[in-house]
Amino acid sequence: MKHAHLTSLLCLLLIVVNGCNQLNTTQTTNKNKQEETSEPIITTSSDTISIVLTGDVMIGINYPDTLIPVDSGRQLFKSVTPWLSNADLTIGNLEGIISNIGQPKKRCNDTANCHLFRMPEELAIILSDAGYDVLSLANNHARDFGDSAIQQTINVLQEFDIVCVGQRGHCREAIVERNGYKIGILAFSPHAGSMNLLDIPTATKRVSELKSRCDIVVVSMHGGAEGADYLHTPQEEETFLDEERGCVYCFAHAAIDAGADLVFGHGPHVPRAVEVYKQRFIAYSLGNFCTPFKVSTKGYAGYAPIIRVTLTSNGTLVTAKVYSAIQHVQTGPRIDPEQHVAHLIQQLTEEDFPNQPITIDTNNNVLTIKIK
């Protein structure tokens, strides 16, 4: 009988121990998953400016068909909102216009590659909820539906305290104040109606003039050829579909020479390298960020970087952190624990701009760039 009791006791102890071990394993696994996708740990300082940058944003379609994301778009940015909203300023490129009215005005050289992007006004609130403060309209889709649709876009976004930049006659520039510092924003593209990326002398004059009124100047550029064949950043003029798309390398350097403190690009629909020039940060393309409809998200086109840049009060780089997100069809960006885009940007940076005076650290699920 004693042996039977002893055996039962031993069995009970084994069950308890195994149960605890299994619980510990489960807790460790859950903890690892939480660490992979947990919100960023961000420290702020009144002596610095933090700016979050993304690429192309398009939240739905209402012409010629109506394509609305699930749950009226409320899930589009849900995974990435903590990264977008936790900064002094968040800037992206609005790939199209927001309006419920207007007929197409765009004429395309190649009708087989002609796309028109008009987004429903009722979805604009999700851009504000996600954390955007400034959106560029300097791109090849802002004038798809003419001047009246551009003005309607500006009016709709103003209701949510989002300002627009980059369109001549509508919103050339913006100045916002953060932490007691004035931040000026300009946007350029090679397309009609935009502040002209191809006219570098005029562009640099505008940068210099804005710098005279601001502490920090941020420049957005929508240029370069499109697609996975154009991941690398050439130091010369690019063309695509028989259109001049500018020399983004030349433009970025000229903008910084004229007083810009931060330059970031979009337009190629894929990520490109980053560079530090004169202690100022350049991201040559952030690709697509939230493009659930009518834009390919296959392969590199689905890589959706979020870059958080911290600058000193005089504009020099403190850190640039690349957080990886990835798009899936019709769902918007989701944080990517495998860091596909961070690894790609690191690789392209090392290939296109070797021997830079920077350090690149890939710890803690983030790519961090600092000046040596």
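Trainee: Is the crossing of H5 and H6 right-handed or left-handed?
Mentor: Keep in mind that this is a predicted model. Helix H5 covers residues 200–211, and its axis lies 9 Å from that of H6. The two pack at an angle of about 35°. As for the hand of their crossing, that is right-handed.

Trainee: Which residues in H6 meet H5?
Mentor: From the H5 side, the residues involved are Ile200, Ala203, Thr204 and Val207. By class, the contact has 7 nonpolar, 1 polar and no charged residues. On the H6 side, the partners are Cys250, Phe251, Ala254 and Ala255.

Trainee: How many of the 10 residues of H6 are buried?
Mentor: Buried here means under 20% relative accessible area. Val248, Tyr249, Phe251, Ala252, His253, Ala254, Ala255 and Ile256 are buried in H6. The helix, residues 248–257, is largely enclosed by the rest of the structure, because the buried count is 8 of the 10.

Trainee: And just after H6, which residue takes a positive phi?
Mentor: Look right past the end of the helix, where phi is about 125°. The residue there is glycine 259.

Trainee: Moving on to the strands, which one pairs with S14 in the parallel sense?
Mentor: S13, residues 274–277, runs antiparallel to S14, with 4 bridges joining them, so to speak the wrong sense for your question. The parallel pairing has 3 bridges, and in it phenylalanine 264 stands opposite alanine 283 of S14. That puts the parallel partner at residues 262–266, strand S12.Trainee: What is the bridge partner of tyrosine 277 in S14?
Mentor: S13 and S14 form a hairpin with 2 residues between them. Lysine 278 sits in that turn, with a positive phi of about 55°. Across the hairpin, tyrosine 277 has as its bridge partner arginine 280.

Trainee: Which residues of S14 point the other way from Arg280 and Ile282?
Mentor: S14 spans residues 280–283, and Arg280 and Ile282 point one way from it. Both of those are buried, and the residues facing the other way are buried too. Those are Phe281 and Ala283.

Trainee: Across the protein, what percentage of the residues is buried?
Mentor: The protein has 7 helices and 21 strands. It exposes about 16,600 Å², with carbon and sulfur atoms supplying 49% of that. Out of 372 residues, the buried share is 53%.

Definitions and conventions: Residues are numbered from 1 along each chain as its sequence is written. This is a predicted model: local features need pLDDT of at least 70, side-chain atom pairs count only at pLDDT 80 or more; totals for chains, interfaces and linings use all residues. Side-chain values use heavy atoms; hydrogens and water are left out. Buried means under 20% relative accessible area, exposed over 50%, partly exposed in between (1.4 Å probe, protein chains only). Two strands pair if DSSP finds at least two bridges between them. Axes are lines fitted to C-alpha atoms, for helices over the stretch in contact, and angles run from 0 to 180 degrees between N-to-C directions. A crossing is left-handed if the near helix is turned anticlockwise from the far one by less than a right angle, and right-handed if clockwise. Contact means heavy atoms within 4.5 Å. Ala, Val, Leu, Ile, Met, Phe, Trp, Tyr, Cys and Pro count as nonpolar, Asp, Glu, Lys and Arg as charged, and the others, Gly among them, as polar. Accessible areas come from the Shrake-Rupley method with a 1.4 Å probe; for residues, only the protein chains shown count as cover.
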